[in-house]
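Work through the exercises below with the sequence and the 3D structure open. Try each task before reading its solution.

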Amino acid sequence: MQTSERIDNYYTASRNDHTSYPALIGNHSADVVIVGAGFTGVATAVELSERGYNVAVIEAHRVGWGATGRNGGQVTGSLSGDAAIQQQLQTMVGSDSKELMHLLRWHGHDIIKQRVQRYNIQCDLQHGHLNTAYRESDIPDLQKAMHNAQNAGLSEHVRWLDKTEVQEKLATPLYHGGVLNHYNMHLHSLNLCLGEAAAAHSLGATLYEQSPVTDIQTATTATGKACVKTANGSITASTVIVAGNAYHRLFQRQLKGLVFPAILGNLTTAPLGEDLARKINPDNLAVYDSRMVLDYYRLTADNRLMFGGGTNYSGRDINNVANALRPGLEATFPELKGIDIDYAWTGTAGIVVNRIPIIGKIGNNVYFAQGYSGHGMASSHIMAEIMADAVSGTQERFDVLSKLKHVRLPVGQQAGSALIALGMAYYQLKDRFR
Ligand SMILES: Cc1cc2nc3c(=O)[nH]c(=O)nc-3n(C[C@H](O)[C@H](O)[C@H](O)COP(=O)(O)OP(=O)(O)OC[C@H]3O[C@@H](n4cnc5c(N)ncnc54)[C@H](O)[C@@H]3O)c2cc1C
C-alpha cells in the first residue's frame, strides 16, 4: 500500500535530516513551480534558486520518497540508450555529438561533487566502482566501454581488472574480469536529495510535501501564467517543471506511451562489522554486473551490504523482496549465507523503450524530464541543469536533446508494461543461455 509518509527502508532509517515541509494550502504564486521532489525536481530547484528565481516545489509524499530515496546509490557514467543517443546526435549535430555524449555521461558527477562540497551535504560520498563481466563473452563489450571512457579523458581513473584482480577486490567467484572506475561514485541517495532540498530552501525556495498535484493548467500565451493545483491549494507561475518521473500521470495526452514503470528490488543486510565488510569488499567499491537485468551492490557507511536486482518490468510489485534477492546475494558472497536482512523494499524506475532519457516542453511553459531507465542519479542532475538553462534563456542543449526521438507505444500503461516485460524476459533468457 502506498502512503504519503516515508517508506520503511535503510535510507529512511539513516537519514540525517528530519525536516518536514508543510502541505500546500491556499493560493500562491512563484516564478517556477516544480512538481515532484526527487533528484530531477530538487536539483532543478537548486539550479534555479542559485540563479535567483523564486521557486516552489510540490511533492505528493515526502522529499526523496520516489526512486531517489530507494535506489542503489551508484553514480556512474552509464547512460541508458547510449548507442541510440550517439546515432541520433551524430545526425543532428555532427562532431558536436562527442561533446554532448561526454556531458551526458560524466557531467552529473561534477554537479553532484560540487554541490556536496558547496552545501556541505553529508551523504557518505565514496569514489570507486566496478562493472563486472558476468560471462567471459561480456569482456569485449566492457573493454570497449572502458576504452571509450579512457579516450574521453578518464584514463587515470579507469582500468581493466582480470579475473584474479577482481577476486582480490571482491570475495566472489562470479566474475571473469571488470572495469574499475574511480571517477564513478556511490553515496547515500536520500541524504543527498534531502541536502539538496535544504540547499534550495536556504536559497529561498518553498517546499511543500504531502500535496499531490491534481491538475496543471498551461498558459495560453507565451507570457501567460500556468496554474498548478492540489486538493487544497494552487500556485500560479510563469514556468512549470514536471519532475514526477515514473510516479506521475500528468499530461497523459502528450506523454502517454513514453515511460513505463519497472519495479526494482533493493535490500540492506544487518551490519557486517568492519572485518567482514573489508573481507568481502576491501576497497569499498560499488558494483554492478554486465547482464541486461543486473545485480548491483555496495557497502553502506555502517558496513551493511546493499544488494539490488530482481527487476519486475511488468510494473507489478515484487512479492517478498528479501526472499527474491537472497539467492543472488548468497551466490555472489557465499560468506554471507544466512545473513540477516534488516530492510528490503522496492522502487519504481521509469523505463523508455529505446532507453533514451526524455526531456521536453509542453505548450509555452511546461518543461519535463524523465525516463532514465534505471541510471538516473547522474542523468537527473544533468537534465536539471539543462532545464534550468532553458528556463533562464540558454536553450542550445535543451533544443538538441528535446529533439531526440523515443519509441512511443500506442497502448495504455498496463499493456505497455506487459510488452516491456516480454522484451526483458527475452533478454533474461538470452543472458541465462549465452
Ligand atoms: C530500486 C532502484 C534502484 C536504482 N538504482 C540506481 C543506481 O544505483 N544508480 C542510478 O543512477 N540510478 C538508479 N536508479 C534510478 C534512479 O533512482 C532514478 O532515475 C532517479 O532517482 C529519478 O529521480 P526523479 O526525481 O526523476 O524521480 P523520483 O525520485 O521517482 O521522484 C519523483 C517524485 O515525484 C513525485 N510525484 C509524482 N507525481 C506527483 C504529483 N502528481 N504531484 C506531486 N508529486 C508527484 C513522487 O512522489 C516522487 O517523489 C534506481 C531506481 C530504483 C527504483
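**Exercise 1. Find backbone atoms that face the ligand, and describe the ligand's surroundings.**

Step 1. Start at Ala67: one of its backbone N or O atoms lies 3.1 Å from an oxygen atom of the ligand. A polar contact is a pair of N or O atoms within 3.5 Å; within protein, one must be able to donate a hydrogen and the other to accept it, and residues adjacent in sequence count only if both atoms are side-chain atoms.

Step 2. Go on to Gly72, where a backbone N or O atom is 3.0 Å from a nitrogen atom of the ligand. At Gly374, a polar backbone atom is 3.2 Å from a nitrogen atom of the ligand.

Step 3. Look at the cover: the ligand taken alone exposes 1000 Å², and the protein buries 96% of that. These accessible areas come from the Shrake-Rupley method with a 1.4 Å probe; for residues, only the protein chains shown count as cover.

Step 4. Ask which elements give two or more residues to the shell around the ligand. They are α2 (39-50), β15 (341-352) and α11 (376-391). Here helices (H or I, at least four residues) and strands (E, at least two) are DSSP runs, numbered from the N terminus. The most comes from β15, with 3 residues.

Step 5. List the nearest residues: of the 36 around the ligand, these are Thr40, Glu59, Thr68, Gln74 and Asn245. A residue is near a molecule or strand if one of its heavy atoms lies within 4 Å of it.

Step 6. Sort the shell by type, which gives 16 nonpolar, 18 polar and 2 charged residues. In this sorting, Ala, Val, Leu, Ile, Met, Phe, Trp, Tyr, Cys and Pro count as nonpolar, Asp, Glu, Lys and Arg as charged, and the others, Gly among them, as polar.

Before going on, note the basis of these values. This is a predicted model, in which local features need pLDDT of at least 70 and side-chain atom pairs count only at pLDDT 80 or more, while totals for chains, interfaces and linings use all residues. Residues are numbered from 1 along each chain as its sequence is written, and side-chain values use heavy atoms, with hydrogens and water left out.

**Exercise 2. Describe the place of Tyr297 and its contacts.**

Step 1. Tyr297 belongs to strand β13 (residues 296-299).

Step 2. Is Tyr297 buried or exposed? Tyr297 counts as buried because its relative accessible area is 1%. Buried means under 20% relative accessible area, exposed over 50%, partly exposed in between (1.4 Å probe, protein chains only).

Step 3. Compare sequence and space: Tyr297 and Val287 are 10 residues apart along the chain, and their C-alpha atoms are separated by 5.3 Å.

Step 4. Not counting residues up to four places away in sequence, Tyr297 touches a set of residues including Gln74, Tyr175, Val287 and Phe333. Contact means heavy atoms within 4.5 Å. The side chains of Tyr297 and Tyr175 are joined by a polar contact of 2.9 Å.

**Exercise 3. Trace the side chain of Thr76.**

Step 1. Thr76 sits in the loop between β3 (74-75) and α3 (82-93). Thr76 is buried, at 7% relative accessible area.

Step 2. Which backbone nitrogen does the Thr76 side chain reach? That of Ser78, at 3.2 Å. The Thr76 side chain also has a polar contact of 3.4 Å with the side chain of Tyr288.

Step 3. Beyond four places in sequence, the contacts of Thr76 include His109, His129, Asn184 and His375.

**Exercise 4. Explain why Cys123 forms no disulfide.**

Step 1. A disulfide is a pair of cysteine sulfur atoms within 2.5 Å. The structure holds 0 disulfides.

Step 2. The closest cysteine sulfur to that of Cys123 is in Cys193, 11 Å away, so the two are too far apart for a bond.

Step 3. Cys123 is buried, at 2% relative accessibility.

**Exercise 5. Place Tyr372 in the chain and in space.**

Step 1. Tyr372 is in the loop between β17 (366-370) and α11. With a relative accessible area of 5%, Tyr372 is buried.

Step 2. Tyr372 and Gly350 are 22 residues apart in sequence, and 6.3 Å apart from C-alpha to C-alpha.

Step 3. Leaving aside neighbours within four places in sequence, Tyr372 is in contact with residues including Thr40, Asn245, Gly350 and Met383.
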